[in-house]
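Dear colleague,

Please find the structure below, handed over for your use. My notes on it follow directly after.

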Amino acid sequence: MNFSIITQSAGLLLLSNTFMTFAWYSHLRNWNDRKWYVAAVLSWGIAFFEYLLQVPANRIGHTTLNLAQLKVMQEVITLAVFAPFAYFYMQQPLKWDYLWAGLCLIGAVYFMFRG
């Protein structure tokens with residue numbers, strides 16, 4: 001397995017997920033007073049940058065990883081981005097459920113990357 005490619009893909013996915021998380025959830029804090037379709041258009045604008053990073057990340061990663069491995073890596077990164085976002089930006093309390101979900105994802109990583 002080429003770890004340089006995996007690192008490049010993971011780095012781009014980390015950045016992509018940051019944009020994705022803001023696109024999906026920041027409107028709940030920032031644009032809650034606006035109509036839903038205004039929030040949707042603004043979120044699409046943020047999501048554009050997500051796709052500029054996500055598409056090359058998956059293309060790079062797919063040269064070494066299979067589709068299921070890419071998906072599991074994406075989910076681990078999503079939770080790793082979401083937990084600090086929820087706590088620091090959305091002012092949500094961290095719960096033990098984040099830890100349990102993370103442990104389940106570690107199990108998924110094990111099964112997808114073993115052998």
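Which residue just after H4 takes a positive phi? It is glutamine 91, with a phi of about 60°.

The model is predicted, so to speak of its limits: local features need pLDDT of at least 70 and side-chain atom pairs count only at pLDDT 80 or more, while totals for chains, interfaces and linings use all residues. Residues are numbered from 1 along each chain as its sequence is written, and side-chain values use heavy atoms, with hydrogens and water left out.

Overall architecture

The protein has 5 helices and 0 strands, where helices (H or I, at least four residues) and strands (E, at least two) are DSSP runs numbered from the N terminus. In sequence order the pattern is α-α-α-α-α. The C-alpha trace spans about 50 × 35 × 20 Å along its principal axes. Of the 115 residues, 30% are buried, that is, under 20% relative accessible area with a 1.4 Å probe, counting protein chains only. Taking contacts (heavy atoms within 4.5 Å) between residues at least 6 apart in sequence, 77% join residues at least 24 apart.

Helix H1

Helix H1 covers residues 3-25. Its 23 residues should span 33 Å at 1.5 Å a residue (the rise times one less than the number of residues), and its end C-alpha atoms are 32 Å apart, which agrees. At the N-terminal end, asparagine 2 acts as a cap, with a side-chain oxygen 3.1 Å from the backbone nitrogen of serine 4; this is a polar contact, meaning a pair of N or O atoms within 3.5 Å, one able to donate a hydrogen and the other to accept it, where residues adjacent in sequence count only if both atoms are side-chain atoms. The buried residues of H1 include Ile5, Ile6, Leu13 and Met20. Among the elements that cover them are helix H2 (27-30), helix H3 (36-61) and helix H4 (67-89).

Helix H4

Helix H4 also has 23 residues, with an expected span of 33 Å; its end C-alpha atoms are 31 Å apart, which agrees. Asparagine 66 caps the N-terminal end of H4, placing a side-chain oxygen 3.0 Å from the backbone nitrogen of alanine 68. Among the buried residues of H4 are Leu70, Met73, Gln74, Ile77, Val81 and Phe85. An α-helix has 3.6 residues a turn, so residues three or four places apart point the same way. The buried residues of H4 pack against H1, H3 and helix H5 (96-113).

Yours sincerely

Definitions and conventions. Buried means under 20% relative accessible area, exposed over 50%, partly exposed in between (1.4 Å probe, protein chains only).
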